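Me: Could you take a close look at one part of this protein for me, the helix and what sits at its ends? Some background on the rest of the chain would help too.

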Amino acid sequence: KGDTRKKGVKVRCCEDGTVALQLKIIVLSGVNIQAVCSSIIKEVKYMVTKRTGITVGTVEVLVEAVKA
């Protein structure tokens, strides 16, 4: 409540038939941001392809904030 940041996922179709995804996340202070982002990228690529049959070309994870 009161947080005006846009939430969400952006999806862009690429000329080669793949999709490019951009995810915005907020992480907790003290977590390994690199490990979290790497895990998200792998899981999103796998699940999107598994459920839709569409190949994911890129996944960009943007850390919008770190909460204490």
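Reply: Let's begin just past the helix: α1 is followed by Gly-53, and the phi of that glycine is positive, near 80°. Keep in mind that this is a predicted model.

Now back up into the helix. α1 covers residues 33–52, so to speak 20 residues in all, and from the first C-alpha to the last it reaches 28 Å, close to the 28 Å expected at 1.5 Å a residue. At its start, Asn-32 has a side-chain oxygen that comes to within 3.2 Å of the backbone nitrogen of Gln-34.

As for the surroundings, the protein chain has one helix and three strands, and from the N terminus the order is β-β-α-β. Of the contacts between residues at least 6 apart in sequence, 56% join residues at least 24 apart.

One strand residue is worth a stop. Gln-22 belongs to strand β2, residues 19–28. Its relative accessible area is 18%, and buried means under 20%, so Gln-22 counts as buried. The Gln-22 side chain makes a polar contact with the side chain of Glu-60, at 3.2 Å. Leaving aside residues up to four places away in sequence, Gln-22 touches Gly-8, Val-9, Lys-10, Glu-60 and Leu-62.

Zooming out, buried residues account for 19% of the 68 residues in the chain. The chain exposes about 5300 Å², with carbon and sulfur atoms supplying 54% of that.

Technical notes. Residues are numbered from 1 along each chain as its sequence is written. This is a predicted model: local features need pLDDT of at least 70, side-chain atom pairs count only at pLDDT 80 or more; totals for chains, interfaces and linings use all residues. Side-chain values use heavy atoms; hydrogens and water are left out. Helices (H or I, at least four residues) and strands (E, at least two) are DSSP runs, numbered from the N terminus. Buried means under 20% relative accessible area, exposed over 50%, partly exposed in between (1.4 Å probe, protein chains only). Contact means heavy atoms within 4.5 Å. Accessible areas come from the Shrake-Rupley method with a 1.4 Å probe; for residues, only the protein chains shown count as cover. The expected span of a helix is 1.5 Å times one less than its number of residues. A polar contact is a pair of N or O atoms within 3.5 Å; within protein, one must be able to donate a hydrogen and the other to accept it, and residues adjacent in sequence count only if both atoms are side-chain atoms.
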